[in-house]
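This report begins with one loop residue and its surroundings, then turns to a set of strands, to other loop positions and finally to the protein as a whole. Please keep the sequence and the structure in view while reading.

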Amino acid sequence: MFWADKIAADAQENQVVNDSKTPSGRVHVGSLRGVVIHDVIYRALKYAGKSPKFLYGVDDYDALDTVPHYLDRQKFEPYLGFPLCNVPSPEDSASDYAKYFMGEFLEVFEYLGVKPEVYYLRDLYRSGRLNTYIDIFLKNAQLVREAYLEVSKARRSDDWYPFQTICENCGKIATTVVSDYNGSEVFYTCKPDATDWVKGCGHSGWVSPFDGNGKLPWKVEWVAKWDLLGINIELAGKDHSQKGGSRDVANAICRKVLRKQPPFHSPYEFILVNGTKMSSSKGVGSSAKEIAALLPPELLRFLILRTQPKTVINFAPNYETTTRLFRDYDTLIEKHQALSPELQQATALPEELKPLLYAQLDGVIQPYHPVELSTLISLLQVPHLDLQKEITARSTQLLNEYDWQIANQRIAVAQKWLADYADEEEKLVIYLDKVPEKVKDLTQEQVAYLKQLIHTLANVPAWDAEALQTALFATARELEMQQPLAFKAVYLSFLGKERGPKAGALLSYLERDFTLDRLKTVTASFTPV
């Protein structure tokens with residue numbers, strides 16, 4: 001059974017699914033994994049008739065703890081330690097820092113068909129909805145200290161209280177330490193040495209902890225949200241799910257202080273880009289918006305869902321990884337088409353095809369006749385080519401309106417990939433008007449191969465990629481020549497470099513007469529050393 005369907009099958013009625021994010025900078029693509037996983041659980045619950053709700057929290061009362069490299073450091077450094085919602089927006093398009101970066105992320109939500117009820121922590125605190133929980137945890141500070149010590153071995157002093165006020169003097173929340181609570185006010189100090197990345201101002205005094213004057217530490221805040229919003233299901237990334245880690249501490253606080261069971265939890269792994277874990281505040285890796293600009297929404301969802309949540313996804317947007325993603329998706333579309341109408345229903349679909357189902361924005365798998373992304377990347381680089389005409393000629397059937405919609409979508413992907421992601425060696429530059437200078441590197445053996453290839457290609461019955469690839473291999477075998485050496489001769493003759501796309505496909509982009517003339521010119525100009 002698909003992992004999300006199993007969670008749904010084991011769940012009770014009226015489940016509330018929750019996920020959240022601290023908008024400390026551009027939201028990286030890694031954060032999309034949690035978003036899509038929780039969205040799929042929500043959809044699986046709907047398929048199972050469990051009447052679910054899907055919430056997404058914006059933790060905008062967290063402190064700004066670093067200035068991302070893409071922002072003006074001089075402008076934002078004075079706001080280090082402030083709640084994110086109290087930091088100015090980088091641009092006039094938003095009211096504050098948190099809403100600016102969360103707005104960018106919510107655009108990706110819409111793109112991916114993810115539609116949770118979004119709530120902001122500032123609203124929960126300022127409206128007083130968390131007041132009861134603030135009072136409970138302050139009155140039971142000793143139990144919270146015990147939970148930290150028992151689970152994570154983190155010892156808190158006897159005068160430590162689970163709350164941070166916003167300093168009345170300097171506006172920072174990261175530097176305040178609460179050391180007493182009298183039932184209506186807390187005593188705090190804005191300590192100069194509270195953190196190693198920003199200094200407190202030294203101010204101290206009594207202040208009410210309610211109605212937005214401060215916040216609970218996030219592990220305690222987590223528990224308060226669970227109870228306030230009735231959350232039943234919330235997964236967390238591997239970094240928070242280690243033994244003795246954040247989720248274990250929160251679970252213990254929930255049981256010890258509220259005497260309630262925490263929501264269902266299962267860890268999920270990271271998404272790496274080129275092998276690197278991403279940080280939104282440090283600006284490391286590809287942002288969710290950047291990857292969404294490259295991949296169609298169904299393909300981005302599929303990238304996340306074809307891998308089990310507990311397995312790392314390492315997405316390198318190079319030629320091989322990107323084109324393989326599209327081929328794998330097309331393969332499942334073909335398998336879905338081959339099923340009987342009964343098995344195509346969502347509840348009866350084979351497990352192998354569930355990632356395809358949940359990749360759809362509207363839950364409907366619509367068939368199409370695919371045009372390979374690898375072919376489009378190559379065709380776009382052939383000068384003077386009528387792309388629409390070439391796609392039509394290469395198709396094994398007449399393309400309908402939806403087929404062309406998918407093809408045009410992939411043309412845009414290929415153009416974006418070539419512009420932003422292709423390495424120089426991955427780009428296809430065909431020498432149409434002159435012979436590449438690099439043919440001088442050909443050996444006598446390679447020239448003999450090209451001469452034989454002229455005769456072979458002149459008699460190939462079908463000028464298509466598969467037939468040409470077969471002819472290239474057959475000629476190499478006939479001369480008992482190593483295949484890499486033979487193909488290198490073809491690439492040098494047309495591209496001026498030793499490697500390129502599939503050689504049969506390369507020649508199929510060219511006219512037969514042009515190909516034969518080029519090979520004749522190359523072999524005629526060869527002078528043995």
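## Asn 14 and its neighbours

Leaving aside residues up to four places away in sequence, Asn 14 touches Lys 50, Ser 51 and Asn 232. The model in which these contacts are found is a predicted one. Asn 14 itself lies in the loop that connects α1 (3-10) with β1 (16-21), and its relative accessible area of 53% makes it exposed, because the cut-off for that class is over 50%.

Of the residues it touches, Ser 51 belongs to the loop between α2 (31-47) and β2 (53-58). Although 37 residues separate Asn 14 and Ser 51 along the chain, their C-alpha atoms are 4.8 Å apart. Ser 51 has a relative accessibility of 46% and therefore counts as partly exposed. Its phi is near 50°, which is a positive value in a residue other than glycine; most residues other than glycine have a negative phi.

## Strands β5, β6 and β7

Strand β5 (residues 176-181) and strand β6 (residues 186-190) run antiparallel and are joined by five bridges. Four residues lie between the two strands of this hairpin, in which Gly 183 adopts a positive phi near 100°. On the other side of the pairing scheme, β6 and β7 are also linked in the antiparallel sense, here over four bridges.

Which residues stand opposite Phe 187 of β6 in the two pairings? Asp 180 is its counterpart in the pairing with β5, and Trp 206 is its counterpart in β7. Along β7 (residues 204-207) the side chains alternate, with Gly 205 and Val 207 pointing to one face, where they are buried, and Ser 204 and Trp 206 pointing to the other, where they are not. This follows the general pattern, since in a regular strand the side chains alternate between the two faces of the sheet.

## Two further loop positions

Val 460 is located in the loop between α17 (444-458) and α18 (465-478), and with a relative accessible area of 8% it is buried. Beyond residues up to four places away in sequence, it touches Ala 467, Leu 468, Ala 471 and Arg 512. Arg 512 is 52 residues away along the chain, and the C-alpha atoms of Val 460 and Arg 512 are separated by 9.6 Å.

Arg 259, by contrast, is exposed, with a relative accessible area of 71%. It occupies the loop between α9 (246-258) and β10 (267-268), and its phi is near 55°, a positive value in a residue other than glycine.

## The protein as a whole

The protein contains 21 helices and 13 strands, and 53% of its 529 residues count as buried. Its radius of gyration is 30 Å, whereas a compact globule of 529 residues would have one near 24 Å. Taken along the principal axes, the C-alpha atoms fill a box of roughly 95 × 60 × 40 Å.

Among contacts between residues at least 6 apart in sequence, 69% join residues at least 24 apart. The accessible surface comes to about 24,300 Å², and carbon and sulfur atoms account for 47% of it. The protein carries 60 positive and 68 negative charges, and the mean positions of these two sets are 4 Å apart.

Key:
Residues numbered from 1 in each chain as written. Predicted model: local features only at pLDDT ≥ 70, side-chain atom pairs only at ≥ 80, totals over all residues. Heavy atoms only, no water. Rg over C-alpha atoms; globule rule 2.2 N^0.38 Å. Buried < 20%, exposed > 50% of the residue type's maximum accessible area, 1.4 Å probe, protein only. Contact = heavy atoms within 4.5 Å. Areas by Shrake-Rupley, 256 points an atom, 1.4 Å probe, with all protein chains shown as cover. Lys, Arg positive; Asp, Glu negative; His and termini not counted. Charge placed at Lys NZ, Arg CZ, Asp CG, Glu CD. Pairing = 2+ DSSP bridges.
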